[in-house]
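Me: I have a model open and want to talk it through. Can you go over it with me?
Reply: Go ahead and put it up.

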Amino acid sequence: MGSGSSVNVNYKYSLQKSENAFKAAVLIQQWYRRHVARLEMRRRCTWRIFQSIEYSCEQDQIKVCYLMDQFTPSSSKERDFISRMFISGESYKEAELEKYCDYESIEVPDSYTGPHLSFPLLPDHATALLEAFQQKQQLHARYVLNLLHETRKHLKQLPNISHVSTCYSEEVTVCGDLHGQLDDLFLIFYKNGLPSPSKSYVFNGDFVDRGKQSLEILVILFTFLLIYPKEVHLNRGNHEDHMVNLRYGFTKEVMQKYKVHGKKILRMFQNVFCWLPLATLIDQKVLIIHGGISDTTDLEMLEKIQRDKFISVLRLKKRKESSRKPQIQAINGENESGTDAAANEAAPRLSLQPQSAQAPNTANRLEFSRWLRQTVQEQIDTCRRLMDISESEPEELTYSSMVSLKDVDEPCWTRQEEWKQVLDILWSDPMPQEGCRENKVRGGGCYFGPDVTEKFLDKYNLQFLIRSHECKQEGYEFCHHRKVLTIFSASNYYEIGSNRGAYVKLGPDLIPHFVQYQANKTAHMLTMTQRQGFLVAPYSPSFNFGPLLSPSSASLCSVSSRISRVEESAFRALREKLFAHTSALITAFRSYDGDNTGKITLSNWATAVESVLRLGLPWRMLRPQLVRSTEDGMLEYKSWLDDLAMEQRSQEHIQSSLLEVIYRNRSNLETIFRIIDRDHSGLISFEEFQQTWKLFSSHMNIELTDDGINDLVRSIDFNKDGNIDFNEFLEAFRLVKQRPS
Amino acid sequence: MAEQEKGRDGLVAEIEKKITEAFEVFDRESNKTVDGREIGCIIRSLGCFPNEAEVQELLAKIEEPDGFVHLENFLRVMTEVLLDRRFQPIPEDVILHAFEALDENKCEYITKEDLVKHLTEEGEPFTQEEMEDMLAVALDPETNTLHYREYRTKLVVDETKTFPFNV
């Protein structure tokens with residue numbers, strides 16, 4: 001011990017000029033390498049934070065859908081409310097759709113300065129659109145609808161699995177998730193060229209959500225699809241799904257941009273999405289799917305199913321389904337074999353527990369909510385297991401309310417099996433371990449191992465898989481001994497500077513060549529026709545610090561400040577999550593503070609936080625950014641939580657517990673709200689708002705009295721006509737988030 | 001005596017948790033192994049300042065034939081390192097002296113050429129990548145020189161903000 005200081009003394013006093021330079025070099029190198037390592041650790045931790053929050057969000061989405069299925073209305077009013085949500089226009093028959101989404105009656109006024117489309121589309125239309133979008137113009141609703149009608153007509157003729165051959169087009173370019181980031185699409189076209197008879201493209205799904213220009217991306221992609229049908233191929237992603245869009249921004253975007261015709265446009269998109277092909281095969285050797293595969297993926301089945309049946313892969317089930325009984329009994333620990341499918345047909349209302357949950361009194365509701373909170377995960381598991389097994393179910397229509405009733409002649413597969421095929425290829429992720437298991441993190445699809453990949457490739461005589469679905473720091477990544485390639489084309493996905501985007505080119509030799517890029521804020525100001533250089537980082541094979549801006553600015557801000565911008569964003573999100581779990585955290589901390597001193601060790605802090613948040617993060621590494629002050633290595637947890645709250649809280653008169661609850665469930669609330677708001681007006685009635693809260697209180701620990709709800713509503717500025725502008729409500733919380741701490 | 005032992009056990013447990021966390025951040029396949037080439041990074045991110053020779057020495061003790069390192073071996077070796085407080089941080093003034101030693105004319109900056117020569121030819125030489133990365137940030141583009149005082153200050157500030165290791 002104590003040898004450290006003497007080493008330094010030696011360094012200081014024994015520097016002779018001839019040895020000076022050498023020793024100095026060693027020191028500088030030593031010190032520098034330490035600095036670099038720290039940056040690398042920070043970078044990886046930041047990445048972990050973003051990813052874990054993203055995936056736990058997706059899991060939430062599934063839980064919401066599940067919860068709504070399980071909700072037992074306690075009055076006829078509630079029952080009507082719930083059933084209204086389920087009877088939606090989702091399963092429009094074709095003719096009805098055409099009539100409802102008719103565009104011909106829509107007039108384009110003379111004052112409209114945007115691009116005009118006429119069909120059949122020509123390359124000039126595409127160029128006009130690109131330029132228009134570059135200048136932030138909007139395509140008129142009439143043209144959008146027209147485009148969607150034509151796109152649908154075209155997609156319907158396509159098989160489930162598109163076939164591409166490199167002998168015709170020499171090279172094929174495959175792009176991954178774009179997520180509404182139009183700048184990235186422009187960047188790809190700029191670097192790689194526009195689609196043309198000599199330039200083939202495959203876009204591997206997730207064109208929408210999160211980014212703000214999903215609509216523009218779809219318009220451009222569909223336009224090119226129609227102009228160059230042989231060269232442009234689109235695969236469906238898990239975000240080409242209206243249930244997912246409700247939560248992740250596409251629905252909102254369309255309604256904001258098209259206030260009058262938005263609803264029609266959304267209906268059309270919903271329909272077009274389910275007609276997107278599910279996969280693309282290059283030279284019979286390379287399979288491109290959005291998510292991945294499972295050990296039951298069957299290409300023959302995939303080729304033959306009617307893909308348009310799966311309007312949403314996240315389902316809200318019909319209320320009357322008899323299939324529910326076995327699963328509930330399983331949850332309640334009863335005998336699974338004692339199912340009586342017919343018995344439930346009579347009762348339109350579904351009882352989770354035969355006697356309770358119908359009386360609207362508090363006691364039952366509390367019990368109910370407690371039970372629900374404890375077993376949500378188990379329920380999802382059970383539900384999933386039962387869906388996959390399809391044991392006692394006859395071949396009738398059971399699960400998906402989205403399945404159309406027109407099909408009489410069925411192949412030998414059940415609808416559950418078909419649904420699983422689609423779910424797996426849209427939602428699965430590769431994992432390093434062998435085997436195949438449920439993807440519990442996302443809540444859909446599987447984790448598939450290298451053995452599953454190998455077997456699959458062998459079975460169908462394929463060389464490798466290309467998929468997307470996961471953000472990768474370099475824009476692409478190989479796994480499973482280079483048999484699975486992930487390609488991700490949305491740069492700066494989590495935050496400016498978080499990652500590069502990439503696309504891959506395949507020639508007849510099927511050897512992948514990658515091009516990486518990173519969109520820069522100023523890039524979008526350049527027009528396509530001007531063809532100026534985008535300020536992107538040249539691909540640097542060296543140690544990756546993160547984003548490199550243009551050479552001149554690189555030296556101005558230090559690498560670590562660039563990393564810290566991304567980092568700050570990640571930690572902000574993390575602190576928000578911590579705040580949202582305040583009550584649970586206090587309980588957890590108290591369990592380590594037996595003597596009620598108000599303090600716990602940092603070690604226990606880390607353990608407690610993980611037990612509550614369950615994000616699998618390295619809390620000890622993250623601690624310095626989350627916990628500012630400690631005394632003797634002990635943390636005063638109450639004041640720490642208060643500090644967190646101070647950053648988040650805005651209005652004093654909203655009870656802090658309510659605020660916490662709203663925060664935690666903001667996304668879920670929004671999703672449910674959008675489901676309720678069927679005409680996408682952004683307004684719901686006070687009553688509907690109350691219903692939303694009641695639906696939710698069964699999921700939350702806090703019992704909300706009617707007074708509590710009224711207070712909440714009063715604290716929101718809502719119009720005297722009894723309607724609540726939910727967008728304003730949510731906006732209030734966004735503003736809170738952005739307020740400097 | 002018992003108290004001290006308990007205290008020390010607690011300390012060791014905590015150190016082990018920290019090491020495991022850092023290790024797992026680099027554990028790509030979640031199978032408790034890490035590529036040997038990342039060991040230096042992990043050690044350094046735990047607050048240590050070994051030079052390359054010291055890293056190699058450590059690695060030699062725990063590296064498997066296939067180039068990977070298992071968590072249990074790393075844990076064993078690294079716990080000792082941290083308990084013994086080996087590879088202590090280099091104080092600010094020492095680094096300053098080091099830069100000054102390379103600044104022969106005492107003009108408060110070092111030219112790009114000199115910097116490259118010293119750091120890629122002497123000491124434990126930088127790879128070309130390492131050199132380029134450092135230059136990208138450290139050099140003043142107009143004069144192509146490194147003003148080492150500002151540079152050192154900038155980096156030191158970041159260090160203190162995020163030093164996770166607290167025994």
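Me: In what order do the elements of chain B run from the N terminus on?
Reply: The order is α-β-α-α-β-α-α-β-α-α-β-β-α. That is 8 helices and 5 strands. Helices (H or I, at least four residues) and strands (E, at least two) are DSSP runs, numbered from the N terminus.

Me: Anything to know before I read off numbers?
Reply: This is a predicted model, in which local features need pLDDT of at least 70, side-chain atom pairs count only at pLDDT 80 or more, and totals for chains, interfaces and linings use all residues. Residues are numbered from 1 along each chain as its sequence is written, chains are lettered from A and ligands numbered from 1 in the order in which they are written, and side-chain values use heavy atoms, with hydrogens and water left out.

Me: What pLDDT does chain A average?
Reply: It averages 73, and 63% of the residues score at least 70. pLDDT is the predictor's confidence in each residue, from 0 to 100.

Me: Which stretches of chain A stay under 50?
Reply: Residues 522-559 are one, with 74 contacts beyond four places in sequence in the model. Residues 734-741 are also below 50, with 12 contacts beyond near neighbours in sequence. Contact means heavy atoms within 4.5 Å. Where pLDDT is low, the predicted coordinates should not be read in detail.

Me: How much of each chain is buried?
Reply: Buried residues make up 60% of the 741 in chain A and 48% of the 167 in chain B. Buried means under 20% relative accessible area, exposed over 50%, and partly exposed in between (1.4 Å probe, protein chains only).

Me: Which residues touch the most other members in the largest nonpolar core?
Reply: Leu574(A), Phe589(A), Trp605(A), Trp619(A) and Phe74(B), out of 68 residues. Helix H4 (residues 71-83) of chain B gives the most to this core, with 8 residues. A nonpolar core is a set of buried Ala, Val, Leu, Ile, Met, Phe, Trp, Tyr and Cys residues joined through side-chain atoms within 4.5 Å.

Me: And what does Phe589(A) touch?
Reply: Leaving out residues up to four places away in sequence, Phe589(A) touches Ile600(A), Trp605(A), Ala608(A), Val609(A), Tyr637(A), Trp640(A) and Leu641(A). Another core, of 61 residues, lies apart from the largest one and includes Ile188(A), Ile265(A), Phe273(A) and Tyr503(A).

Me: Switching to strands. Which residues of S12(A) are buried on each side?
Reply: Val484(A) and Thr486(A) are buried on one side, and Leu485(A) and Ile487(A) on the other, so both faces of this strand (residues 484-487) are covered.

Me: Which strands pair with S12(A)?
Reply: Strand S10 (residues 464-467) of chain A pairs with S12(A) in the parallel sense over 3 bridges. Strand S11 (residues 476-479) of chain A does so in the antiparallel sense over 4 bridges. Two strands pair if DSSP finds at least two bridges between them. Within S12(A), Val484(A) is the bridge partner of Leu465(A), and Thr486(A) is that of Glu477(A).

Me: What sits between S11(A) and S12(A)?
Reply: A turn of 4 residues, making the two strands a hairpin. His480(A) in that turn has a positive phi of about 55 degrees.

Me: Last one: is Asn271(A) buried or exposed?
Reply: Buried, because its relative accessibility is 11%. Asn271(A) is found in helix H12 (residues 262-275) of chain A. Leaving aside neighbours within four places in sequence, Asn271(A) is in contact with Leu97(A) and Arg152(A).
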